[in-house]
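Q: Hi! I've got a structure open and would like some help reading it. Can we go through it together?

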Amino acid sequence: MSTPSTDENGALLGPADIRELAAALGVRPTKQRGQNFVIDANTVRRIVRTAEVRPDDVVVEVGPGLGSLTLALLEAADRVVAVEIDDALAAALPSTVAARLPGRADRFSLVHSDAMRVEELPGPAPTALVANLPYNVAVPVLLHMLDRFPSIERTLVMVQAEVADRLAAPPGSKVYGVPSVKAAWYAEVKRAGAIGRNVFWPAPNVDSGLVSLVRRAKPIETTASKAEVFAVVDAAFAQRRKTLRAALAGWAGSAAAAEAALVAAGVSPQARGESLTVEEFVAIAEHKQD
């Protein structure tokens with residue numbers, strides 16, 4: 001195991017450490033899994049700070065990779081559970097933690113799995129989610145974790161800048177869409193910063209952004225189920241250039257039935273999905289006629 005690159009990094013990994021670990025494991029970052037490892041200790045410290053990780057937090061991390069962010073989280077939180085799909089990375093991470101933070105190793109758990117298939121986690125319920133998510137699976141993984149683990153109060157994810165913009169977009173924005181509405185169902189969402197390309201290895205050809213999601217203190221009150229609300233959202237944006245009367249015709253059974261649901265919900269049938277709040281989508285779902 002390599003020694004830390006500089007004294008100031010302490011237990012955290014620097015560029016030389018990352019490359020040495022990767023070489024020892026025979027790991028080459030793959031595009032298929034969107035792997036870009038963070039090689040800058042200051043960046044992981046900033047992520048932990050921005051995530052407002054507290055000493056009593058149980059943090060779940062998705063896609064820990066070689067452990068850059070994992071170590072910083074473990075220094076700040078009560079415990080960390082990491083979910084890793086890659087066989088080689090999952091096998092190596094516990095020993096990296098044990099070597100770098102021996103006093104905290106008993107506070108670390110690894111789940112070797114696809115995050116989309118995770119239904120339970122070891123130990124106490126997670127209170128925070130902090131992750132560097134590959135852009136190709138970022139939104140479904142984020143929504144799955146928020147849905148499956150309602151104890152997660154605060155989330156900070158690093159994603160492709162374009163995905164960050166979509167998640168945090170307000171109604172009326174050009175990039176407001178399905179991810180924006182579904183994230184808003186669970187949480188207050190906002191952009192929380194930008195991340196340069198040079199802190200990754202290999203450097204991606206896209207910029208990255210941080211997104212903060214603070215779970216709603218009380219879930220949205222509705223007689224409709226989440227599945228019913230999300231069905232309206234999906235239908236509205238499947239044909240986003242159409243008016244809601246037309247876009248929701250298939251969902252409602254006919255354009256006339258869609259218009260009736262919209263009018264009952266207090267939404268103009270001539271509006272488009274990109275102008276609606278999550279609460280308005282909820283109202284439409286509630287007024288669908290069987």
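Q: Which handedness does the crossing of α2 and α3 have?
A: α2 passes α3 in a right-handed crossing. Keep in mind that we're looking at a predicted model.

Q: OK, and at what angle do those two helices pack?
A: The angle is about 45°, and the axes of α2 (residues 41-50) and α3 (residues 68-76) lie 9 Å apart. That makes α2 oblique to α3, because oblique covers angles that are not roughly parallel (under 35 degrees), roughly perpendicular (65 to 115) or roughly antiparallel (over 145).

Q: Which residues meet there?
A: From α2 you have Val44, Ile47 and Val48, and across from them in α3 are Ser68, Leu69, Ala72, Leu73 and Ala76.

Q: How do they split into nonpolar, polar and charged?
A: Seven residues of this contact are nonpolar and one is polar, with no charged ones.

Q: New topic: how many cavities of 30 Å³ or more does a search of the whole structure find?
A: The search turns up one. The volume of the largest cavity is about 30 Å³.

Q: Which residues line it?
A: The lining is made of Leu21, Leu25, Gly65, Leu66, Leu89, Ala92, Leu93 and Thr96.

Q: Which helices supply at least two of those each?
A: That would be α1 (15-25) and α4 (87-100). The largest share comes from α4, with four residues.

Q: And what classes are in the lining?
A: Six residues lining the largest cavity are nonpolar and two are polar, while none is charged.

Note on methods: Residues numbered from 1 in each chain as written. Predicted model: local features only at pLDDT ≥ 70, side-chain atom pairs only at ≥ 80, totals over all residues. Heavy atoms only, no water. Axes fitted to C-alpha atoms, helices over the stretch in contact; angles between N-to-C directions. Left-handed = near helix turned anticlockwise from the far one by under 90°. Contact = heavy atoms within 4.5 Å. Nonpolar A, V, L, I, M, F, W, Y, C, P; charged D, E, K, R; others polar. 1 Å grid on protein atoms, 1.4 Å probe; cavity = no way out; pocket = protein on both sides within 12 Å on 5 of 7 lines; lining within 4 Å. Points joined across faces, edges and corners; volume = space filled by probe spheres on them.
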